[in-house]
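This report covers selected helices, strands and cysteines of one structure. The sequence and model come first, and the notes follow.

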Amino acid sequence: MVAAPKSRVSRQTWQFTEDVRVQASATVVGPKEGKGPLASLFDKIYPDIYAGQKSWEKAERKLLEDAIQIALKKANLKEDQIDLLLAGDLLNQNITANFTAELLSIPTLGMYGACSTSMLTLANAAALVNSGFAERAIAACSSHNATAERQYRYPTEYGGQKPPSSQWTVTGAGAAVVGIGGNGPRLTYATIGKVVDMGMKDPLDMGSAMAPAAVSTMIAHFQDTGRQPQDYDLIVTGDLAGIGYPIAKEMLEKEGFNMDKVYNDCGLMVYSPEQEVFAGASGCASSAVVTYSYIMNQLQRGAMKRVLVCATGALLSPISYQQGEAIPCIAHAVAFEGGA
């Protein structure tokens with residue numbers, strides 16, 4: 001039997017053996033996010049969801065382009081100094097990421113993991129840098145409330161009534177420059193999730209559907225690395241929000257993992273309770289704007305030493321939902337350690 005490379009811990013978990021770091025990161029958001037508790041940490045806030053563009057889809061493209069450009073500026077780099085852009089979004093055929101990549105002229109790998117795309121792109125960017133296939137890479141993703149509503153549910157203009165289990169898709173984008181060395185937070189492990197289908201069919205209750213996938217990935221991470229929840233200062237899921245968060249916590253505790261004092265969810269961190277966002281935030285940008293602002297800031301300042309981000313995604317499509325299919329879900333986790 002051929003020995004596994006030292007960077008491969010298991011089927012699901014990779015260890016980054018080189019000094020792979022987030023050398024710079026940036027977040028750009030819309031007006032609702034700009035009134036939330038993390039507003040002071042975002043790099044750019046647009047006062048309207050059109051972001052100065054003629055359509056919501058073009059606005060989302062602008063958010064993603066801005067996040068990438070700001071991250072490049074923070075890293076003091078130009079587009080031609082980036083070997084790969086790994087990017088994704090929620091729209092059909094990754095159209096936001098692809099149109100943005102055309103403007104930047106960077107070799108691109110489009111990636112889709114629904115709302116888990118933030119850590120899917122980051123894990124793969126880190127793996128490519130760790131292995132030497134790229135010197136520097138950018139991981140990025142975006143979502144937009146109105147574009148997601150138009151594609152997956154009802155157009156915003158329709159004004160359809162929603163149940164309390166619904167979530168509010170974040171209008172925003174996040175980007176991270178990944179390379180060897182520097183003084184940014186270090187990426188240590190990535191755990192790639194398995195698709196989990198619990199037979200749920202309600203597209204207005206994503207939290208319940210995604211919770212088992214998040215639990216599956218976190219348990220795999222703990223078992224593969226030998227770590228316990230208390231080895232982290234903070235563990236966040238991507239967008240389980242008010243419905244899925246307590247489900248995931250209870251499931252983990254039944255498996256012997258005490259999540260007290262360390263566990264939160266990005267879907268509960270983007271907005272204030274009085275902002276009327278139903279169960280909380282969702283979308284690719286939910287975990288991206290929290291990770292690439294608040295979490296990077298905490299690690300950089302030394303306020304936190306270790307953080308685990310487990311981004312969650314519901315892999316439904318308008319076609320699968322209309323045909324009555326259940327909603328398969330997935331979660332990908334990346335572990336960070338504080339900067340220099």
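In this predicted model, Cys310 counts as buried, at 0% relative accessibility. Cys310 takes part in no disulfide; the nearest cysteine sulfur belongs to Cys266 and lies 10 Å away.

Cys284 is likewise buried, with a relative accessible area of 0%. A search of the whole structure finds zero disulfides. Cys284 is therefore in none: its nearest cysteine sulfur, that of Cys141, is 5.1 Å away, and a disulfide needs the two sulfur atoms within 2.5 Å.

**Helices**

Two helices are described here, with their lengths and end-to-end C-alpha distances in the table.

| Helix | Residues | Number of residues | Span, first to last C-alpha | Expected span |
|---|---|---|---|---|
| H1 | 56-74 | 19 residues | 27 Å | 27 Å |
| H3 | 117-131 | 15 residues | 21 Å | 21 Å |

For H1, the distance between the end C-alpha atoms agrees with the value expected at 1.5 Å a residue. The span of H3 is close to its expected value.

The buried residues of H1 include the charged Glu60, Glu65 and Asp66. Also buried in H1 are Trp56, Ala59, Leu63, Leu64, Ala67, Ile68, Ala71 and Leu72. Just after H1, Asn76 has a positive phi of about 60 degrees.

Eleven of the 15 residues of H3 are buried, so the rest of the structure largely encloses this helix. From Thr117 the buried positions continue through Ser118, Met119, Leu120, Thr121, Leu122 and Ala123. Ala125, Ala126, Val129 and Asn130 are buried in H3 as well. Gly132 follows H3 and has a positive phi, near 90 degrees.

**Strand S9 and its partners**

How many of the six residues of strand S9 are buried? Five are, so S9 (residues 186-191) is largely enclosed by the rest of the structure.

S9 pairs with strand S1 (residues 13-15) in the antiparallel sense, over three bridges. One bridge links Thr13 to its partner Thr191 in S9.

S9 also runs antiparallel to strand S14 (residues 329-337), and five bridges join the two. Among the bridge partners here, Leu187 is matched with Phe336 in S14. S9 thus has antiparallel bridges both to S1 and to S14.

Technical notes: Residues numbered from 1 in each chain as written. Predicted model: local features only at pLDDT ≥ 70, side-chain atom pairs only at ≥ 80, totals over all residues. Heavy atoms only, no water. Helix = DSSP H or I, 4+ residues; strand = E, 2+ residues; numbered from the N terminus. Expected span 1.5 Å × (residues − 1). Buried < 20%, exposed > 50% of the residue type's maximum accessible area, 1.4 Å probe, protein only. Pairing = 2+ DSSP bridges.
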